[in-house]
Every structure is written in structure tokens, then in C-alpha cells.
Amino acid sequence: MDLRELKFRGTQVAYYVVCQRKLWLFTKGISFEKESEYVQLGKLLDEISFSREKGEEFAYEPVSIDFFSTGEGLVVHEIKHSSALEQAHILQVKYYIYYLKTKGIKVSHGIIHYPKQKKLLKVEFDEKDEELINEVVRKMDEVVRKEIPPKVINKPYCKKCAYWEYCYG
Amino acid sequence: MAEIYYITTNGTLRRDENTIMFESGEIKKKIPIENTSELFIVAEVSTNTKFLSLLSQNGIIAHFFNYYGYYIGSFYPREGNPSGHVLIKQVEHYLDKEKRLYLAKTFVLGSIINSEKLYQIDASEHLEKLKQASNVQEVMQVEGSFRKLCYKALEELTGWEFETRTKRPPQNPLNALISFGNSLVYAKVLGEIYHTPLNSTVSYLHEPSEKRHSLCLDVAEVFKPILTEGLILELIRSGTITENDFLEETEYCYLNLDGRRKFLRAFDNLLKSTVYYPKLKRKVSIRTLIRLELYKLVKHLTENEPYIPLNYHSLKK
Ligand code: SF4
């Protein structure tokens with residue numbers, strides 16, 4: 001299975017939902033994430049929670065699906081440290097499922113893990129979702145092709161974003 | 001946030017598993033790597049490539065100064081956050097004469113507004129000349145003649161002799177302080193640029209060929225009045241640094257070990273000190289102010305949001 005053909009990374013899909021400006025900045029390689037404690041917490045959590053299940057072969061770019069398990073079909077798992085941006089996470093997982101499907105892989109569903117909240121979220125995927133993802137990818141293309149990034153969005157979660165000082169400073 | 005470490009004693013730096021080990025005679029000191037953001041090595045040290053690769057892996061910059069406290073250069077690991085898009089924009093603003101002139105002027109503007117208050121001098125004439133300047137060379141001349149006024153004021157305020165600015169090598173204490181301070185500011189700006197997508201070699205006021213990381217020279221203009229001259233004034237006025245903190249050799253004047261340590265301590269305290277930053281509605285450190293200045297520059301290049309230099313004295317302590 002070659003995941004390299006994916007046009008966007010899963011995180012970009014999530015950014016599209018959260019903030020189009022973030023999507024633009026990230027896609028242009030404008031990032032300041034190295035020093036953000038918030039992001040590091042995310043990484044750490046990811047490492048300790050599921051270090052054993054993670055299959056090495058899925059660690060490569062551009063997509064890093066946290067891990068898979070098999071049942072009726074493939075189950076896509078994604079680990080997140082806060083359910084605050086649930087909608088974005090759901091779309092991200094749907095995006096993974098969609099692409100696996102286009103590669104001819106039978107996927108049964110996705111599961112989002114929120115280990116901190118001890119919460120699991122099941123993500124189903126149907127035909128309408130296919131249209132949805134197509135539409136999203138098209139719109140994402142539009143966003144990243146813009147010469148200038150979209151404006152700041154003034155949302156409460158901006159304060160937790162790695163771009164906060166950049167956007168508002 | 002990770003710390004800047006200053007090494008002021010001659011010795012050896014090496015890698016000890018995942019820590020930095022500094023040894024000097026009886027002293028053995030471990031510095032945890034995750035707690036380190038940058039090293040200022042203001043002493044003669046010996047080290048090896050293993051140590052440098054440890055720095056490289058962890059994205060830590062080391063600035064080296066020689067025995068006299070003069071800047072030698074920085075160990076700059078691979079570009080931290082490169083962005084092709086930003087680089088293209090940086091170059092575009094260099095090649096376009098008008099765009100380059102705008103940025104060159106704003107760096108000097110920043111330097112002037114931050115000096116004006118410090119020295120209580122009237123800069124209106126220079127600001128007018130700056131406005132009129134039609135090329136980068138003229139902008140440089142405005143900066144040069146204004147800086148002369150500043151150094152004269154510095155001489156008067158401290159009562160220390162200055163005469164002409166002697167760079168290589170400085171021939172009196174005031175010159176030695178300015179050289180040392182300015183090189184610290186330059187290095188510090190480089191340390192912050194590393195964490196942004198900016199390419200440090202493309203500059204506007206200074207020619208990109210002048211120094212390897214010439215963008216630091218540009219941005220340092222805005223911060224030198226605060227971090228070098230403001231600090232010198234404070235250290236001399238409070239009697240923290242006196243003529244006894246210098247060594248004079250035939251052609252050289254430089255800070256002795258004690259003087260260097262005092263200066264570095266004060267420099268670090270100043271970097272950590274905070275001011276209220278209205279746009280973010282909270283206090284930020286001077287170090288963050290440098291970062292924010294770079295962010296504004298990125299926005300100028302990529303979002304057409306005109307770069308307006310920091311007006312330090314308008315911020316509340
Ligand atoms: S701070 Fe807000 S506006 Fe800026 S990128 Fe983050 S979410 Fe978007």
C-alpha cells in the first residue's frame with residue numbers, strides 16, 4: 001500500500017477544519033512548533049500511550065496513521081490528546097479511510113482515542129463521506145493556492161495554537 | 001522555557017550521553033540538554049565533533065567568543081524551520097529596490113526611536129533625512145551620523161572617554177563594552193532567527209555578503225540601543241562596572257573575566273525581564289520581543305502587513 005500519493009497530510013485536513021490560516025501557514029513551511037509546549041505534550045502522550053502497538057512501516061511521510069488493527073476490515077486508529085477539536089479529528093480519520101479505500105483496502109471504521117479523557121470515538125464512513133472528502137480536498141487546494149494567508153480567526157482556541165504569538169503579536 | 005547557558009571559564013565541553021558536560025580543573029558541571037536553548041561560550045574551550053553533533057541533534061546553537069571576548073562565530077545547526085516560500089519572498093524584497101529601501105529604512109528607524117529616548121536627544125532632523133534617503137547607502141549614512149550623536153551622549157552621560165569608535169581592536173573601555181555588547185546582540189538575534197522560517201543570510205540594510213548571517217545585523221539595529229547601550233549606561237551609572245573591569249594591552253582594551261561575567265549576567269537578566277505587550281495582552285520577555293520582531297518581518301514578507309519596528313520605550317515595564 002503506497003500512502004505516499006496522498007496530497008495532504010492528515011494534520012492538514014484537521015487544520016482545514018480548525019483554521020484555514022493555519023493550514024496555509026503550515027503548508028508554506030511557516031512553522032514555529034518546535035518550542036511550543038502544547039505540541040510537545042501531544043507528541044509525548046502519543047509516545048507513551050501506544051508505543052507498543054505502533055507499526056514501524058506506517059511511520060513514514062506524508063501520512064502517519066497512528067496504528068491499524070484488523071477486524072472485519074482494517075480499523076484506523078488515531079490518538080489525540082484533547083477532544084476539544086473533535087470535528088477536525090473526525091474529518092482527519094475519514095480522510096485516511098477514504099484514501100485507504102481508494103487503494104482498494106477494505107476499511108470497516110475508524111477509532112479516535114483520547115487517552116487523557118479515557119474516551120473512544122468511533123468514526124463511520126459512508127458514501128456521503130466520499131463526496132465530503134472530495135469537496136474538502138478541493139477547498140484545501142484553493143486555500144493553499146492563495147498568495148496571502150487567510151485572516152486570523154479570533155477563536156478562543158487561538159491561545160493554544162502554536163501560531164498564537166505569530167498571528168496576534 | 002529552555003535556558004541560555006553562558007560559559008565563562010576555560011575548560012572542556014563534551015558529550016556525556018545526553019547531557020552537556022563542562023569540565024575545568026576541579027569543576028564538573030552537567031547541563032541537561034532539554035533545558036538548553038543556546039550556549040554563549042565566552043572563554044577558551046576545547047571540544048569535539050561528538051559534542052557538536054549533540055548540539056546539532058537538539059537544534060542548539062553555540063556562539064563562540066575568543067579570549068578577549070570578541071565574537072568568533074556561531075555553530076548553527078541545519079536550518080531549523082526552512083520555508084521555500086519565505087525565502088523566495090525574502091529574496092524578492094531584496095531584489096526590488098523600493099522594497100529593500102523600505103526595510104532598510106525601518107531598521108534604522110527602529111534604531112533611532114529606541115535611542116532617542118535613551119539619550120534624550122532630538123532625532124527629528126535625522127528622521128527627516130531618513131525619509132528623504134533614496135538609496136540604502138544614504139540610509140546607512142543617516143544611521144552613522146546619528147550613532148555619532150548617541151556615542152557622544154553616552155560619553156557625556158558616563159563621563160567615560162570615547163573619542164572615535166574603534167572597532168578592531170577597541171582601544172578604550174567604552175569601545176570594548178560596545179563591541180562586546182553588540183556581538184552578544186548579534187548572536188542573540190541569530191539564536192532567535194533559528195526558530196523562525198527566516199533565512200539569516202538575506203538582508204536589506206546591510207549587504208548580504210557583509211557577514212554570513214547578515215540579517216542579524218539588520219535586526220540587531222533595533223535592539224542594540226536597548227540591549228547594548230541601555231545596558232552599558234545602567235552598568236556604569238550604578239557602578240557595577242568600573243574601569244577596574246578592563247585589561248589594557250598595548251593596542252587592546254577588553255573586559256576582564258570579572259567584567260565579562262557582570263556584563264553577561266546583566267545581559268541575561270535584561271533578556272528575561274518582561275514588559276507589557278498590548279497586542280498580546282500580556283507581559284513578554286525582551287527575548288520574546290526579538291522573536292516577535294522577526295514574526296513581524298515574516299508577516300511583512302508574506303502577508304503585505306507593513307513591518308513597523310519595535311518602539312521599546314512605549315512599552316510599560
Ligand atoms: S492562532 Fe488562531 S488564527 Fe492563528 S493559526 Fe492558530 S487558530 Fe489560526
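# Cavity, sheets and domains of chain B

Q: How many cavities of 30 Å³ or more does the count give?
A: This is a predicted model, in which local features need pLDDT of at least 70, side-chain atom pairs count only at pLDDT 80 or more, and totals for chains, interfaces and linings use all residues, while side-chain values use heavy atoms and leave out hydrogens and water. Residues are numbered from 1 along each chain as its sequence is written, and chains are lettered from A and ligands numbered from 1 in the order in which they are written. A cavity is a set of points, on a 1 Å grid over the protein atoms alone, where a 1.4 Å probe fits but cannot get out; the points are joined across faces, edges and corners, and a volume is the space filled by probe spheres set on them. By this rule, the number of cavities of 30 Å³ or more is one.

Q: Which element gives the largest share of the lining of the largest cavity?
A: The largest cavity, with a volume of about 40 Å³, has lining residues (those with an atom within 4 Å of a point) that include Tyr68(B), Phe180(B), Tyr254(B) and Arg260(B). Helices (H or I, at least four residues) and strands (E, at least two) are DSSP runs, numbered from the N terminus, and those giving two or more residues to this lining are H6 and strand E10 (253-255) of chain B. The largest share, three residues, comes from E10(B).

Q: From which domains does the lining of the largest cavity draw at least three residues each?
A: Chain B is divided by an automatic or database domain assignment into domain 1 (3-75) and domain 2 (84-315), whose C-alpha centres lie 25 Å apart. Their contact (heavy atoms within 4.5 Å) takes 20 residues from domain 1 and 24 residues from domain 2 of chain B. The lining draws at least three residues from each of domain 1 and domain 2 of chain B.

Q: Why is one side of each of two strands left without a neighbour in the sheet E1-E5-E7-E8 of chain B?
A: This open sheet of four strands has mixed pairing, where two strands pair if DSSP finds at least two bridges between them. Its edges are strand E1 (3-7) and strand E8 (71-75) of chain B, so one side of each lacks a neighbour, because each has a single partner strand.

Q: What is the bridge partner of His63(B) in E8(B)?
A: Strand E7 (residues 61-65) of chain B runs antiparallel to E8(B), and four bridges join the two. Within E8(B), the bridge partner of His63(B) is Ser74(B).

Q: At about what angle does helix H8 of chain B run to E1(B)?
A: Axes are lines fitted to C-alpha atoms, for helices over the stretch in contact, and angles run from 0 to 180 degrees between N-to-C directions. Helix H8 (residues 257-272) of chain B lies across E1 and E5 of chain B, and its angle to E1(B) is about 175°.

Q: Which residue in E3(B) stands opposite Leu13(B)?
A: A further open sheet of chain B has the order E4-E3-E2-E6, with strand E4 (27-32) and strand E6 (45-46) as its edge strands. Five bridges join strand E2 (residues 11-16) to strand E3 (residues 19-24) of chain B, and these strands run antiparallel. Opposite Leu13(B) stands Phe22(B).

Notes. On a 1 Å grid over the protein atoms alone, a cavity is a set of points where a 1.4 Å probe fits but cannot get out, and a pocket is an open set with protein on both sides within 12 Å along at least five of seven lines; lining residues have an atom within 4 Å of a point.
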